[in-house]
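User: I would like to learn how to read a fold from its model. Can you take me through one feature at a time?

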Amino acid sequence: MILHITLFSGEAEDLCIQFKLDADSSFYDLHQLILKACNYQEIPGQRFFVCDDNWKPETRILLSDEAGVNIDEDVLLMSDTDLGEFLEDEGQHLTYRFDPENRRMFLMELVQTSFGENIPAQGLVESKRGHVPPQYMEEEQPIPQAQTDVSEELGEQFYGEDGFDSDDLDEEGFDILDE
């Protein structure tokens, strides 16, 4: 069975990439197709989530065995998991987290299944249109430093430069009681 999967982005609304893969292809094959189509690099933490109809993640499929995964939870790896194990019904949703640090992801949908086509074992990019968002968020710009230093602006009397005068302290304001 051939799976026709469409990828969308919430960041780049014009992006639409269509993939064709055999149901026996692995999630790692799809991962590699996405990286190639988007000109991204493989980084630790990239993963797929098979979702319900409301895009709520149900199954996590990891690039590699990661620290912090609950021991009681089954760990599914991309290289060991065939697409056909989870994708069989048209309209099924999945997401692909390409930037784990900032939790950025693509939305994907199984739009069609077909039979009798010969495609490469690793799958293929059927079509691509629109602009791919950058893989990494642009680093935040540093806050510009003020033109003048606060101590220069206030002069030498900044933060008690002249010392402390105990006569300036209003003891009644602090409700200090002599016992």
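Analyst: What follows goes from the overall make-up to the sheet, the helix packing, the aromatic rings and the cysteines. This is a predicted model, where local features need pLDDT of at least 70 and side-chain atom pairs count only at pLDDT 80 or more, while totals for chains, interfaces and linings use all residues. Residues are numbered from 1 along each chain as its sequence is written, and side-chain values use heavy atoms, with hydrogens and water left out.

User: How many helices and strands are there, and in what order do the elements run?

Analyst: Elements are DSSP runs, numbered from the N terminus: helices are H or I with at least four residues, strands are E with at least two. The protein has two helices and eight strands. Read from the N terminus, they run β-β-α-β-β-β-β-β-β-α.

User: How do I read burial and contacts?

Analyst: Take relative accessible area, with a 1.4 Å probe and protein chains only: buried is under 20%, exposed is over 50%, and partly exposed is in between. Of the 179 residues here, 34% are buried. The accessible surface (Shrake-Rupley, 1.4 Å probe) is about 12400 Å². Carbon and sulfur atoms account for 45% of that surface. For contacts, look for heavy atoms within 4.5 Å. Among contacts between residues at least 6 apart in sequence, 60% join residues at least 24 apart.

User: In what order do the strands of the sheet lie?

Analyst: Start from pairing: two strands pair if DSSP finds at least two bridges between them. Here the eight strands form an open sheet in the order β5-β4-β3-β6-β7-β1-β2-β8, with mixed pairing. The edges are β5 (76-77) and β8 (124-129), each paired on one side only.

User: Which strands pair with β1, and how many bridges join them?

Analyst: Strand β2 (residues 16-22) runs antiparallel to β1, with seven bridges. A hairpin of six residues connects the two. To fix the register, take isoleucine 2 with its bridge partner aspartate 22, and threonine 6 with glutamine 18. Strand β7 (residues 104-114) is also antiparallel to β1, through eight bridges. There, leucine 7 has methionine 108 as its bridge partner.

User: Why is β1 largely enclosed by the rest of the structure?

Analyst: Count its buried residues. In β1 (residues 2-9), seven of the eight are buried, so the strand is largely enclosed.

User: Which strands does helix α1 touch?

Analyst: Helix α1 (residues 27-38) packs on the sheet and touches β1, β2, β3 (47-51), β4 (57-62), β6 (93-99), β7 and β8. For direction, fit lines to C-alpha atoms, for helices over the stretch in contact, and take the angle from 0 to 180 degrees between N-to-C directions. For α1 and β2, that angle is about 150°.

User: How many aromatic pairs are there in the whole structure?

Analyst: Rings of Phe, Tyr and Trp (its six-membered ring) pair if their centres lie within 6.5 Å; planes under 30 degrees apart are stacked, over 60 edge-to-face, the rest tilted. The search finds six pairs. In one of them, phenylalanine 27 and phenylalanine 86 have centres 6.4 Å apart and planes at 65°, so they are edge-to-face. Phenylalanine 27 is in α1 and phenylalanine 86 in the loop between β5 and β6, so the pair ties together parts 59 residues apart in sequence.

User: Is each of these two rings' residues buried or partly exposed?

Analyst: Phenylalanine 27 is buried at 0% relative accessibility, whereas phenylalanine 86 is partly exposed at 23%. Phe27, Phe48, Phe86 and Tyr96 form one aromatic cluster.

User: How many disulfides does the structure hold?

Analyst: A disulfide is a covalent bond between the sulfur atoms of two cysteines. The test is a pair of cysteine sulfur atoms within 2.5 Å. This structure holds zero. Cysteine 38 is buried at 6%, and cysteine 51 is buried at 6%.
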